[in-house]
Amino acid sequence: MTHAVEVRDLHKSFGDNHVLKGIDFTIEPGQVVCVIGPSGSGKSTLLRCVNMLETPTRGKVFVAGTELTHPDADIDRIRRHVGMVFQQFNLFPHLTALQNVMISQQRVLKRSKKEAEIIARENLDKVGVGAKCPAYPSELSGGQQQRVAIARALAMNPDLMLFDEPTSALDPELVGDVLTVMRKLAEEGMTMMVVTHEMGFAREVADRVVFMDGGVIVEEGTPSQVIGAPQHERTRTFLKRVLHPEG
Ligand SMILES: Nc1ncnc2c1ncn2[C@@H]1O[C@H](COP(=O)(O)OP(=O)(O)OP(=O)(O)O)[C@@H](O)[C@H]1O
Ligand SMILES: [Mg+2]
């Protein structure tokens, strides 16, 4: 079976800052993989290498069997099948929620305005903000904006969704709504790679948890292995800090 994502000996440096130091992992279709680890460990860089927002210094990245790191790869075509959701929603401030979800469909997928609108409304309904179609981002809560951003990604019919700390910019009371949407996506069989500090979500939803530190994968396994019974001291130290920040 073709892996949804395959990363082989991936390295990334920014100048002489060697950020990713040989990363290997795969994601199978329909799997949810949560990536955890301390700040600066390279989680965002790894995620951004998976859709070539960053160009790896060395190594290979495959998405659905196609090598993105190949010099002849049609990156734009592959990227069309990969949705990305960022910590800072990145909505267009001058467009309504509906228009934000329509624009890439029209520009990239060349859908008609009518079709794009129907699909935008479906996806906004799906994430629970269907009533907010005419609202501008500044009129929405963080949680609503993030759900619009998820609807925008889903409207492109992605085969894979990448999430980079989608709830860490949100007020605590808004986190649940976004996680509920993500849980639903996972249940529907979406392939997802999620950088998160939400250990409850990772425990409940992830098929696999990957713990990164210092640009390498220190350990990976099921949530009960990595979060429940970590094998490495670095993992234990990290989890202690995340799960008991006051202690
Ligand atoms: N575009 C860039 N240019 C130069 N250095 C970068 C760039 N992006 C990331 N880095 C560096 O790479 C290292 C890893 O950053 P990265 O953002 O991947 O970490 P992270 O694990 O996502 O951290 P956080 O949990 O704080 O988001 C850091 O030292 C950072 O300064
Ligand atoms: Mg990051």
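According to the UniProt record, an unreviewed entry, residues 5-239 carry the annotation "domain: ABC transporter". The model itself is a predicted one. Over that stretch, 37% of the chain is helix and 26% is strand, and the C-alpha atoms at the two ends sit 26 Å apart. What follows looks at a run of three helices, H3, H4 and H5, and at two loop residues with unusual backbone angles.

Most residues other than glycine have a negative phi. Asn-90 goes the other way, with a positive phi near 55°. This residue belongs to the loop that links strand S6 (82-85) to H3. Its side of the story on solvent is a middling one: Asn-90 has 45% relative accessibility and so counts as partly exposed, the band for that label lying between 20% and 50%.

On to the helices. Two packed helices are described by the angle between their axes and the distance between the axes. For H3 (residues 97-107) and H4 (residues 113-126), the axes come within 8 Å and the crossing angle is roughly 130°. The pair is therefore oblique, and the crossing is right-handed. On the H3 side, the contact is built from Ala-97, Leu-98, Val-101, Met-102, Gln-105 and Gln-106, while H4 brings in Lys-113, Glu-115, Ala-116, Glu-117, Ile-119, Ala-120, Arg-121 and Leu-124. Sorted by class, that makes eight nonpolar, two polar and four charged residues.

Between H3 and H4 runs a loop, and Lys-110 is found in it. Here again phi is positive in a residue other than glycine, with a value near 60° for Lys-110. As for solvent, Lys-110 reaches 67% relative accessibility and therefore counts as exposed, since the cut-off for that label is over 50%.

H4 also meets H5 (residues 142-154): their axes come within 9 Å and cross at roughly 135°. An angle over 145° would have counted as roughly antiparallel, but at this value H4 and H5 are oblique to each other. The handedness is right-handed for this crossing. From H4, the residues in contact are Asn-123, Leu-124 and Lys-126, and from H5 they are Val-148, Ala-151 and Leu-154. The class count for H4 with H5 comes to four nonpolar, one polar and one charged. Leu-124 of H4 turns up in the contact with H3 and again in the contact with H5.

How values were computed
Residues numbered from 1 in each chain as written. Chains lettered and ligands numbered in written order. Predicted model: local features only at pLDDT ≥ 70, side-chain atom pairs only at ≥ 80, totals over all residues. Heavy atoms only, no water. Axes fitted to C-alpha atoms, helices over the stretch in contact; angles between N-to-C directions. Helix = DSSP H or I, 4+ residues; strand = E, 2+ residues; numbered from the N terminus. Parallel < 35°, antiparallel > 145°, perpendicular 65-115°, else oblique. Left-handed = near helix turned anticlockwise from the far one by under 90°. Contact = heavy atoms within 4.5 Å. Nonpolar A, V, L, I, M, F, W, Y, C, P; charged D, E, K, R; others polar. UniProt positions renumbered as here; feature names shortened; annotations may be inferred. Buried < 20%, exposed > 50% of the residue type's maximum accessible area, 1.4 Å probe, protein only.
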